[in-house]
Amino acid sequence: MSTLHGLKRPSRSWHRKKRVGRGQGSGLGKTAGRGGKGQKARTGNMRFEGFEGGQSPLQRRLPKFGFNSPNRTIYAVVNLSDVDSHFDAGATVDEATLKKAGLVKGRYDGVKLLARGDLTKKVTIRVHKVSEAAKSAVEKAGGAVDVLPLMAHKPESASKAHAGKGVKAPRQPKA
């Protein structure tokens, strides 16, 4: 293999689809390879995937587990070491600048700041969620952390979708 454009499939690696029921000369005419009579010769027989002859099938014998809530909130995780290496002192770090720097990719409901690594620069960070250790590390470096309310919808679609119900209230600390 020298280059990608020169790749070829191995000869005789693909086979033609077997066309059954196309006349006696094809070799698979008349009964179309199903033999004569019987349950397996009929349409709608019990040859579907997972059928075990009436025995309780494996996918029903095994216990169910796990759950993914359709309303879950998914956060993009950003660490202090990422902020320290990508931004200069005095910068304001928010979701837009994180996307521009390539630290947040894909679709997320919000951004969460975690305390992995060290922060040596004074920066203002605007995120939706922050761990206590990360918050204290930013303040220790002389910066500030603003916790933004989480928008359930994009601002332009919130008015259309639920007429003011798009903003989730920030979680209050337990007293």
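Two strands are taken to pair if DSSP finds at least two bridges between them. Strands themselves are DSSP runs of E with at least two residues, helices are runs of H or I with at least four residues, and both are numbered from the N terminus. The structure described here is a predicted model, in which local features need pLDDT of at least 70 and side-chain atom pairs count only at pLDDT 80 or more, while totals for chains, interfaces and linings use all residues. Residues are numbered from 1 along each chain as its sequence is written, and side-chain values use heavy atoms, with hydrogens and water left out.

## Overall composition

The protein contains 5 helices and 8 strands. Read from the N terminus, these elements follow the order α-β-α-β-α-β-β-β-α-β-β-α-β. The protein has 175 residues, of which 18% are buried, meaning under 20% relative accessible area with a 1.4 Å probe and protein chains only; exposed means over 50%, and partly exposed lies in between. The exposed surface of the protein is about 14,300 Å², and carbon and sulfur atoms supply 52% of it; such areas come from the Shrake-Rupley method with a 1.4 Å probe, and for residues only the protein chains shown count as cover.

A contact requires heavy atoms within 4.5 Å. Among contacts between residues at least 6 apart in sequence, 42% join residues at least 24 apart.

## The open sheets

Strands of a sheet pair through backbone hydrogen bonds, either parallel or antiparallel. One open sheet consists of 3 strands in the order β1-β3-β5, with parallel pairing. Its edges are β1 (75-79) and β5 (129-130); each has a single partner strand, so one side of each is left without a neighbour in the sheet. Within this sheet, V78 stands opposite L113 in β3.

Another open sheet of 3 strands has the order β2-β4-β6, and its pairing is also parallel. Here the edge strands are β2 (92-93) and β6 (144-147), each of which pairs on one side only. T92 has T124 in β4 as its bridge partner.

One strand pair from each sheet is set out below.

| Strand pair | Residues of the second strand | Sense | Bridges |
|---|---|---|---|
| β1 and β3 | 110-114 | parallel | 5 bridges |
| β2 and β4 | 124-127 | parallel | 2 bridges |

## The segment before α1

A32 lies in the segment before α1 (58-61). Apart from its neighbours within four places in sequence, A32 is in contact with V20 and G21. A32 and G21 are 11 residues apart in sequence, and their C-alpha atoms are 4.6 Å apart in space.
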